[in-house]
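This note is addressed to a colleague who is meeting the structure for the first time. Please read the points below with the sequence and the model side by side.

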Amino acid sequence: MLQNILLTVAISMLPVIEIQGSIPFAIGVLKLSPLQAFFSSLLGSMTMAAILLKGLDPVTGWLMKHSAFAKKWLEKLFHATRHKHSGIFNEAGALFLIGF
């Protein structure tokens, strides 16, 4: 049983499959209950998101330090993203924090 839950967590961490594939797999193949499938898939998805968010800053920092092209491209990307989404984050920032 624990083995099946851990497998579901691992499958939900895969970018192509994620929750949409891990829940049906857990229910249909591994015979987990829908609640077990949902929560183990959610755990895997949230774990992968946390890993990516934690590792994104050091990777982009390193790229910007070692590559002029990457620095120019990332600065342009970050500026556009901040400009596009700053209004909604200023208005509803506290609500977004509740989700995390």
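**Notes on two helices and the loop between them**

1. Q20 lies in helix α2. Its side of the account begins with accessibility: Q20 is exposed, since its relative accessible area is 60%, where exposed means over 50%. The C-alpha atom of Q20 is separated by 31 Å from that of N90, and the two residues are 70 apart along the chain. The model is a predicted one, and the values in this note should be read accordingly.

2. Helix α2 covers residues 18-28 and helix α3 covers residues 34-66. Where do the two helices stand relative to each other? Their axes come within 9 Å and cross at roughly 145°. The crossing of α2 past α3 is right-handed.

3. Which residues form the contact between α2 and α3? On the α2 side they are I19, S22, I23, A26 and I27. On the α3 side they are P34, A37, F38, S41, L42 and S45. By character, the residues of this contact comprise eight nonpolar, three polar and no charged.

4. Two of the α3 residues in that contact, A37 and S41, also belong to the buried residues of the helix. Buried as well in α3 are S40, G44 and T60.

5. Helix α3 has 33 residues. From its first C-alpha to its last, α3 reaches 47 Å, which is close to the 48 Å expected at 1.5 Å a residue.

6. Helix α3 nevertheless has a kink of about 35° at L56, and this kink lies shortly before the proline P58. L56 counts as partly exposed because its relative accessibility is 48%, and partly exposed covers the range between under 20% and over 50%. The C-alpha atoms of L56 and S22 are separated by 25 Å, with their positions 34 residues apart along the chain. S22 is one of the α2 residues that meet α3.

7. M48 is found in helix α3. Is M48 buried, partly exposed or exposed? Its relative accessibility is 24%, so M48 counts as partly exposed; the cut-off for buried is under 20%. M48 and F78 are 30 residues apart in sequence, and their C-alpha atoms are 22 Å apart in space.

8. Two residues deserve a check of their backbone angles. E18, found in helix α2, has a positive phi of about 50° although it is not a glycine. E18 is partly exposed, with a relative accessible area of 35%.

9. The other residue is K31, whose place is in the loop between α2 and α3. K31 has a positive phi of about 60° and is likewise not a glycine. With a relative accessible area of 64%, K31 is exposed.

Terms used: Residues are numbered from 1 along each chain as its sequence is written. This is a predicted model: local features need pLDDT of at least 70, side-chain atom pairs count only at pLDDT 80 or more; totals for chains, interfaces and linings use all residues. Side-chain values use heavy atoms; hydrogens and water are left out. Axes are lines fitted to C-alpha atoms, for helices over the stretch in contact, and angles run from 0 to 180 degrees between N-to-C directions. Helices (H or I, at least four residues) and strands (E, at least two) are DSSP runs, numbered from the N terminus. A crossing is left-handed if the near helix is turned anticlockwise from the far one by less than a right angle, and right-handed if clockwise. Contact means heavy atoms within 4.5 Å. Ala, Val, Leu, Ile, Met, Phe, Trp, Tyr, Cys and Pro count as nonpolar, Asp, Glu, Lys and Arg as charged, and the others, Gly among them, as polar. The expected span of a helix is 1.5 Å times one less than its number of residues. The bend at a residue is the angle between axes fitted to the seven residues ending there and the seven starting there. Buried means under 20% relative accessible area, exposed over 50%, partly exposed in between (1.4 Å probe, protein chains only).
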